[in-house]
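Welcome, and please open the structure in your viewer. We will take it one selection at a time.

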Amino acid sequence: MNIVIIGPKGSGKSTIGAALADLLQLPIADTDKTLEELHGQGKSFREIYKEIGEEAFRDLERQAVAQCSQNDWHIIITG
């Protein structure tokens, strides 16, 4: 089981996720960071998005979510 934090850009997902992880003593899995690690080759998720476009980016994002979901007892922060 995981707890997934979702919401619009700038809504405080990272802040809330970090506070919740601290409170519950659970690790954080960030889908943006995972996407960068898997596909970024040193680029930020924003750079990747600009380079490949929305449709291809959303496919990579789904892969990152699947990767983060493989672990149990994590706070997953979505992009």
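Helices here are DSSP runs of H or I with at least four residues, and they are numbered from the N terminus. Keep in mind as you look around that this is a predicted model.

**Stop 1: the sheet**

Start by selecting residues 3-5 and 28-30, which are strands β1 and β2. These are the edge strands of the sheet, and each of them pairs on one side only. Now add β3, residues 75-77. Which order do the three strands of this open sheet take? Reading across, you should find β1-β3-β2, with parallel pairing. On average, neighbouring strands in this sheet are turned by 20° against each other, ignoring direction.

Zoom in on β2 and β3, which are joined by three bridges in the parallel sense. To find one bridge by residue, select Asp30 and look for its partner in β3, Ile77.

**Stop 2: two helices on the sheet**

Next, select residues 13-24 to bring up helix α1. Helix α1 lies across β1, β2 and β3, and its direction is at about 170° to β3. Then pick residues 31-39, helix α2. This helix also packs on the sheet, where it touches β2 and β3, and it makes an angle of about 60° with the direction of β2.

**Stop 3: charged side chains along helix α4**

Move on to helix α4, residues 54-69, and show the side chains. The model has four salt bridges by the distance rule used here, and we will visit some of them.

Select Arg58 and Glu54: their side chains form a salt bridge, with N to O at 3.5 Å. Where do the two sit relative to each other along the helix? Arg58 and Glu54 are four residues apart in α4, so about one helical turn separates them. Both residues are partly exposed, Arg58 at 29% relative accessibility and Glu54 at 44%.

Keep Arg58 selected and add Glu61. The closest N and O atoms of this salt bridge are 2.8 Å apart. Glu61 is three residues from Arg58 in α4, again about one helical turn. Is Glu61 buried or exposed? Its relative accessibility is 16%, so Glu61 counts as buried, because the cut-off for buried is under 20%.

Finish with Arg62 and Asp59, a salt bridge whose closest N and O atoms are 2.6 Å apart. These two are three residues apart in α4, about one helical turn. Arg62 is exposed at 53% relative accessibility, while Asp59 is partly exposed at 37%. For a last view, select Glu54, Arg58 and Glu61 together: salt bridges with shared partners join them into one network.

Technical notes
Residues numbered from 1 in each chain as written. Predicted model: local features only at pLDDT ≥ 70, side-chain atom pairs only at ≥ 80, totals over all residues. Heavy atoms only, no water. Pairing = 2+ DSSP bridges. Axes fitted to C-alpha atoms, helices over the stretch in contact; angles between N-to-C directions. Contact = heavy atoms within 4.5 Å. Buried < 20%, exposed > 50% of the residue type's maximum accessible area, 1.4 Å probe, protein only.
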